[in-house]
Amino acid sequence: MDDRGGSFVAVRRISQQDLNRGHSTSSAEVVAGSAAWLGKGLSCVCVQSREGDARPSFDLTPVQEECLQRLQNRIEVVYDSSSPEHQEALRALWDAAFPGEELCGLVSEQWKAMGWQGKDPSTDFRGGGFISLENLLYFGRNFPNLCYNLTCKDLPQFLQRSFQDLLLKQDGDRAMWEYPFAVAGVNITFMLIQMLDLEAVKPQTMLGATFLKFLAENESAFDLLYCITFKLMDHQWLTMRASYMDFNAVMKATRRQLETELLQEGMKRLEDLPSYNLLKRY
C-alpha cells in the first residue's frame with residue numbers, strides 16, 4: 001500500500017478441505033479492493049474529534065506516567081526487517097498461526113494465507129509499527145484466559161484456539177470474502193493507539209485516562225485490550241453479516257462499543273468489560 005492508502009486484500013474463508021490440502025493460497029483466493037485500510041486511510045475510523053470539543057488534560061500518578069512512557073516507547077518502534085529481534089518475532093508469529101508448517105522465508109507467498117497484502121509482511125507494518133506484530137504474537141501465544149496455571153509452552157494448541165478461530169474464520173456464518181486477519185490486526189493496533197490518545201504526554205480524554213488506570217495495574221493491558229477488541233470486532237462482523245467492503249463500518253461499530261464499555265461505571269479492570277466474555281467462550 002502506498003502512503004495514500006488505496007488498496008487492501010480480501011481473503012476467502014478457509015474451509016476444512018482447504019486445511020487438509022495445506023495453507024497455500026492461489027490467485028483466485030486473494031483479490032484487491034479499493035478501500036483505505038492503514039495509516040492515513042483509517043482517519044475516518046480513528047480520528048473522530050469535533051470542532052470546538054474541549055480537550056481537558058488529566059494528571060497522572062508517577063506509576064501511570066512510567067507505564068505510559070514504557071508503552072509509548074513500544075509504540076515508537078518502527079518495524080525493521082533487518083533487525084534479528086524483529087525477524088524472530090515474525091517467525092514466531094508464523095509458528096503461532098501455522099504450527100508445524102515450515103516457513104520458506106520471511107518474504108514468501110505463504111504469508112498471504114495469514115491475511116497479509118503481499119509476500120512481505122513488513123510492508124504492512126507501517127500503519128502500526130513493531131507493536132502491531134507484538135500484539136498479534138501476544139494474541140497467538142499468551143491468551144491469558146486460557147493459560148490457567150500453565151506456561152504457554154505446556155498447551156500451545158489450546159492457548160492458540162481463539163487466535164486460530166479468528167485466523168481461519170471457524171466461528172459463525174461467514175461471508176465468502178472475509179477480512180484479512182493480519183491486516184485487520186494491524187488496523188486494530190492503530191485504532192487503539194488513536195482512540196486512547198496514547199501518543200500524548202497526558203491523556204486528553206476520559207477514555208485515555210481510564211485506560212491508564214488499567215495500565216498501571218497490568219502492564220500488559222494494551223495487549224489484553226487488543227485481544228478483546230479483535231474478538232469484539234469479529235463479533236460485530238458476524239452480527240452485521242459483513243463482507244470485506246464493510247470493514248470500515250465494522251471498525252466504527254467496534255470502536256463505539258469499546259468506548260461505551262470502557263466508560264461504564266464499575267470497570268476496575270479489563271476483565272470486567274462485557275466484551276471480555278467473548279474471549280471466555282473458548
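Biologist: Why is E66 called partly exposed?

Modeller: In this predicted model, the relative accessibility of E66 is 47%. Buried means under 20% and exposed means over 50%, so at 47% E66 falls in between and counts as partly exposed.

Biologist: What makes E66 and R70 a salt bridge?

Modeller: Their closest N and O atoms are 2.6 Å apart. The cut-off is 4 Å between a side-chain nitrogen of Lys or Arg and a carboxyl oxygen of Asp or Glu, so the pair at 2.6 Å qualifies. R70 has a relative accessibility of 32% and, because that lies between 20% and 50%, counts as partly exposed.

Biologist: How are E66 and R70 placed in helix α3?

Modeller: They are 4 residues apart in that helix, which means that about one helical turn separates them.

Biologist: How do you know that R269 and D272 form a salt bridge?

Modeller: The N to O distance between their side chains is 3.6 Å. That is within 4 Å, so the pair counts. R269, at 47%, is partly exposed, and D272, at 30%, is partly exposed too. Elsewhere, E66, R70 and E219 are joined into one network by salt bridges that share partners.

Biologist: How many salt bridges does the structure hold?

Modeller: There are 8. One of them pairs K202 with D59, with the closest N and O atoms 3.2 Å apart. This pair links distant parts of the chain, 143 residues apart: K202 sits in the loop between α8 and α9, and D59 in the loop between α2 and α3.

Biologist: Why do K202 and D59 carry their accessibility labels?

Modeller: D59 has 66% relative accessibility, which is over 50%, so D59 is exposed. K202 has 31%, between the two limits, and is therefore partly exposed.

Biologist: Why is S132 called buried?

Modeller: Its relative accessibility is 0%. The limit is under 20%, so S132 counts as buried. S132 belongs to helix α5, residues 130–141.

Biologist: What does S132 contact, leaving aside neighbours within four places in sequence?

Modeller: S132 is in contact with F125, V186 and T189. In addition, the side chain of S132 reaches the backbone oxygen of G129 at 2.5 Å.

Biologist: How do you know that the length of α8 agrees with its number of residues?

Modeller: At 1.5 Å a residue, its 15 residues should span 21 Å, and the end C-alpha atoms are 21 Å apart, so the two values agree. As for cover, 14 of the 15 residues of α8 are buried.

Biologist: What makes D197 and R241 worth a remark?

Modeller: Most residues other than glycine have a negative phi. D197, which follows α8, is not a glycine and has a positive phi of about 55°. R241 is not a glycine either, and its phi is positive, about 50°.

Biologist: Buried or exposed: which word fits D197, and which fits R241?

Modeller: D197 has 19% relative accessibility, which is under 20%, so D197 is buried. R241 has 64%, which is over 50%, so R241 is exposed. D197 lies in the loop between α8 and α9, R241 in the loop between α10 and α11.

Biologist: Which residues touch the most other members of the largest nonpolar core?

Modeller: M114, F211 and F230 do, in a core of 72 residues. Helix α10 gives the largest share of this core, 11 residues. Among the contacts of F211 beyond four places in sequence are L71, L196 and L225.

Definitions and conventions. Residues are numbered from 1 along each chain as its sequence is written. This is a predicted model: local features need pLDDT of at least 70, side-chain atom pairs count only at pLDDT 80 or more; totals for chains, interfaces and linings use all residues. Side-chain values use heavy atoms; hydrogens and water are left out. Helices (H or I, at least four residues) and strands (E, at least two) are DSSP runs, numbered from the N terminus. Buried means under 20% relative accessible area, exposed over 50%, partly exposed in between (1.4 Å probe, protein chains only). A polar contact is a pair of N or O atoms within 3.5 Å; within protein, one must be able to donate a hydrogen and the other to accept it, and residues adjacent in sequence count only if both atoms are side-chain atoms. Contact means heavy atoms within 4.5 Å. A nonpolar core is a set of buried Ala, Val, Leu, Ile, Met, Phe, Trp, Tyr and Cys residues joined through side-chain atoms within 4.5 Å. The expected span of a helix is 1.5 Å times one less than its number of residues.
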